[in-house]
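Colleague: Please take a close look at one part of this model for me, the pocket lining. I would like one connected account.

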Amino acid sequence: MALHTWLLYLLAVTGLSLTPGPNTLLALTHGALHGHRRALCTIAGGAAGFVALIALSMLGIGALLKAWAPALTALKWAGGAYLIYLGVQLWRAPGVTLRPPAGAPALRGTRMFGQGFLSAISNPKALLFYGAFLPQFIDPARSLLTQFAVMAATFAGIEFAVEYGLARLAHRVRPWLERAGRRFNKVCGGLFAALGVALPTA
């Protein structure tokens, strides 16, 4: 990928990883319940699930681009509209409530990995999101496989780092997120909408 494209992608992915989603909230909860070291299993499972979803999205995008070259422009505009839609939905969403059950039993590392993985791949909206987001950064003149590999590795790496940071700070972050969750959702919703407007023309 061109360096400036990757840097833009890195910035966007970092912002999106801070947006509360099922895996982010699961990492927070497991960090609070089981400690940040054991939450690494949950986070690793989520990262593996994200890579699997990105691979599925890439296969579909690659097949479409081979069948019809102008599809990239159409994907960018449709993806931008979808990101704006997600932004509006997140803007309207209620604040986050995290109440881990008292006396929750300890989980095995494999079980925590499985929960993280299933949390990532069981959300059909994630597949739609990747299909909308990834085409914004594709250069059809370069190797699609290489670009996809770079984007998948970057996304998984940033997501892992953000979730681990939240798991380490779970006891401090959770009360703040519950208290200011509504405003936080508005900020993240605005980020999604801004990306939807800016990326198709970038």
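What follows is a walk through the pockets, set against the chain as a whole.

Modeller: This is a predicted model. Start with the largest pocket. Its volume is about 790 Å³. The lining counts 29 residues. Five of these lie nearest the centre: Pro20, Gly21, Pro22, Asn123 and Phe192.

Now the helices behind that lining. Seven of them each supply at least two residues. From the N-terminal side, they begin with H1 (3-17) and H2 (22-34). Then come H4 (71-92), H5 (109-121) and H6 (124-133). H7 (144-168) and H8 (170-198) complete the set. H4 gives the largest share, with 5 residues.

Next, the chemistry of the wall. Of the lining residues of the largest pocket, 17 are nonpolar. Another 9 are polar, and 3 are charged. Among the residues nearest the centre, Pro20, Pro22 and Phe192 belong to the nonpolar class. Gly21 and Asn123 are counted as polar.

The second largest pocket makes a useful reference. It holds about 210 Å³ of space. Two helices each supply at least two residues of its lining: H3 (36-67) and H7. H3 brings the largest share here, 6 residues. The lining includes Ala55, Met58, Leu59, Gly62, Ala63 and Lys66. Leu144, Leu145, Phe148 and Ala149 also line this second pocket. By class, 8 are nonpolar, 1 is polar and 1 is charged. The charged one is Lys66, and the polar one is Gly62. H7 thus appears in both accounts: it supplies at least two residues to the largest pocket and at least two to the second largest.

Step back to the fold. The chain has 8 helices and 0 strands. Read along the sequence, the pattern is α-α-α-α-α-α-α-α. Contacts in the chain reach far along the sequence. Of those with a separation of 6 or more, 89% join residues 24 or more positions apart.

Finally, overall dimensions. The C-alpha atoms fill a box of roughly 55 × 35 × 30 Å along the principal axes. The radius of gyration is 17 Å, which agrees with the value near 17 Å for a compact globule of 202 residues. Buried residues make up 47% of the chain. The exposed area is about 10,300 Å², and carbon and sulfur atoms supply 69% of it.

Technical notes: Residues numbered from 1 in each chain as written. Predicted model: local features only at pLDDT ≥ 70, side-chain atom pairs only at ≥ 80, totals over all residues. Heavy atoms only, no water. 1 Å grid on protein atoms, 1.4 Å probe; cavity = no way out; pocket = protein on both sides within 12 Å on 5 of 7 lines; lining within 4 Å. Points joined across faces, edges and corners; volume = space filled by probe spheres on them. Helix = DSSP H or I, 4+ residues; strand = E, 2+ residues; numbered from the N terminus. Rg over C-alpha atoms; globule rule 2.2 N^0.38 Å. Buried < 20%, exposed > 50% of the residue type's maximum accessible area, 1.4 Å probe, protein only. Contact = heavy atoms within 4.5 Å. Areas by Shrake-Rupley, 256 points an atom, 1.4 Å probe, with all protein chains shown as cover.
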